[in-house]
Amino acid sequence: MAQGLIEVERKFIPGPGTEERLLELGGTLEHQVTFRDSYFDTPELSLMRADHWLRQRESSGWEFKCPGAAGVSGLHTEYVELTAEPAIVAKLCEVLGAEVLGAGGVAAVLSPLGLQEIASFVTKRSAWKLVLSRADKEELLLRVDLDTADFGYAVGEVEVMVHQEAEVPAAVEKINKLSSMLGVLAQEVAPAKLIVYLQRFRPQDYQRLLEVHSSRENPQGTKDADSSLD
């Protein structure tokens, strides 16, 4: 598979004091932005049921999230993010068992691959960044996104991006430490915006995912299930 960054993240339900706590910890508010995300799949949810997530973000382009290393446990999730359209098209064909298509972009292969819009909603996001102080190790930048979707659901996400699988354990340690500092309960589970959207507006599709992912405690599908997807 084409190389992509590894996204390690954990979702949580933000409280009224979350932003104040981020400031106390030395966090910086990078920006506030509003955007629309649209998610695509086959009518049978062939991608989502296989834990793959295709999204088009307004003014940002396409992203395809693929599951990370097998055997990942705990409340965090790990996905490889593909953003280059040729890599996305190649991976889509692989996952869907289709012949490799031509050199067109993602939009050009939606119809030939039987993909259609499954969900679309607007998110207001406050994006924060911070580094937890440690003198003995190279620091990892942590990002915290506080999102509110236009259908009324609010969710937070602590995220670290790494390049190699060997970096994942350190990322998980940092994520758990920051989550604890933000007052997130050790076993708190927060579904992604997409999953809540499906639960509310496409309950049959939500049930399909629930059946597939029932053995996973906090799948992206039950992630930002973002899915973040974020």
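Buried means under 20% relative accessible area, exposed means over 50%, and partly exposed is in between. Keep that handy for the exercises below, and remember that this is a predicted model.

**Exercise 1. Sort F151 and F201 into buried, partly exposed or exposed.**

Step 1: F151 has a relative accessible area of 14%. That is under the 20% cut-off, so F151 counts as buried.

Step 2: F201 comes in at 47%. Being in between 20% and 50%, F201 is partly exposed.

**Exercise 2. Work out what kind of aromatic pair F151 makes with F121, and what kind with F201.**

Step 1: Ring centres have to lie within 6.5 Å to pair, and planes over 60 degrees apart count as edge-to-face.

Step 2: F121 and F151 sit 5.4 Å apart, centre to centre, with 85 degrees between the planes, which makes the pair edge-to-face. F121 belongs to strand 6, while F151 is in the loop between strand 7 and strand 8, so this pair ties together parts 30 residues apart in sequence. F121 is buried, too.

Step 3: For F151 and F201 the centres are 5.9 Å apart and the planes are at 85 degrees, so that pair is edge-to-face as well. F201 is in helix 6 (residues 193-201), so here the parts tied together are 50 residues apart in sequence.

Step 4: Now zoom out. Y39, F121, F151, Y197 and F201 form one aromatic cluster, and the count of aromatic pairs comes to seven.

**Exercise 3. Take K11 and K65 from the "binding site" annotation and describe where each one sits and what its side chain touches.**

Step 1: The annotation comes from an unreviewed UniProt entry, and it covers several residues, including K11 and K65.

Step 2: K11 lies in strand 1 (residues 5-12). Its relative accessible area is 5%, so K11 is buried. The side chain of K11 makes a polar contact with the side chain of E9 at 3.5 Å.

Step 3: K65 lies in strand 4 (residues 61-67). With a relative accessible area of 0%, K65 is buried. The side chain of K65 has a polar contact with the side chain of E7 at 2.9 Å.

**Exercise 4. Find out where the predictor's confidence is lowest and highest among the elements, and which stretch falls below 50.**

Step 1: Start with the whole chain: the average pLDDT is 86, and 84% of the residues score at least 70.

Step 2: Among the elements, strand 5 (residues 77-82) has the lowest mean, 88, and strand 3 (residues 53-57) the highest, 98.

Step 3: Over residues 217-228 the pLDDT is below 50, though in the model this stretch has 79 contacts beyond near neighbours in sequence.

Definitions and conventions:
Residues numbered from 1 in each chain as written. Predicted model: local features only at pLDDT ≥ 70, side-chain atom pairs only at ≥ 80, totals over all residues. Heavy atoms only, no water. pLDDT = per-residue confidence, 0-100. Helix = DSSP H or I, 4+ residues; strand = E, 2+ residues; numbered from the N terminus. Contact = heavy atoms within 4.5 Å. Phe/Tyr/Trp six-rings, centres within 6.5 Å; stacked < 30°, edge-to-face > 60°. Buried < 20%, exposed > 50% of the residue type's maximum accessible area, 1.4 Å probe, protein only. UniProt positions renumbered as here; feature names shortened; annotations may be inferred. Polar contact = N/O pair within 3.5 Å; in protein donor to acceptor, adjacent residues only side chain to side chain.
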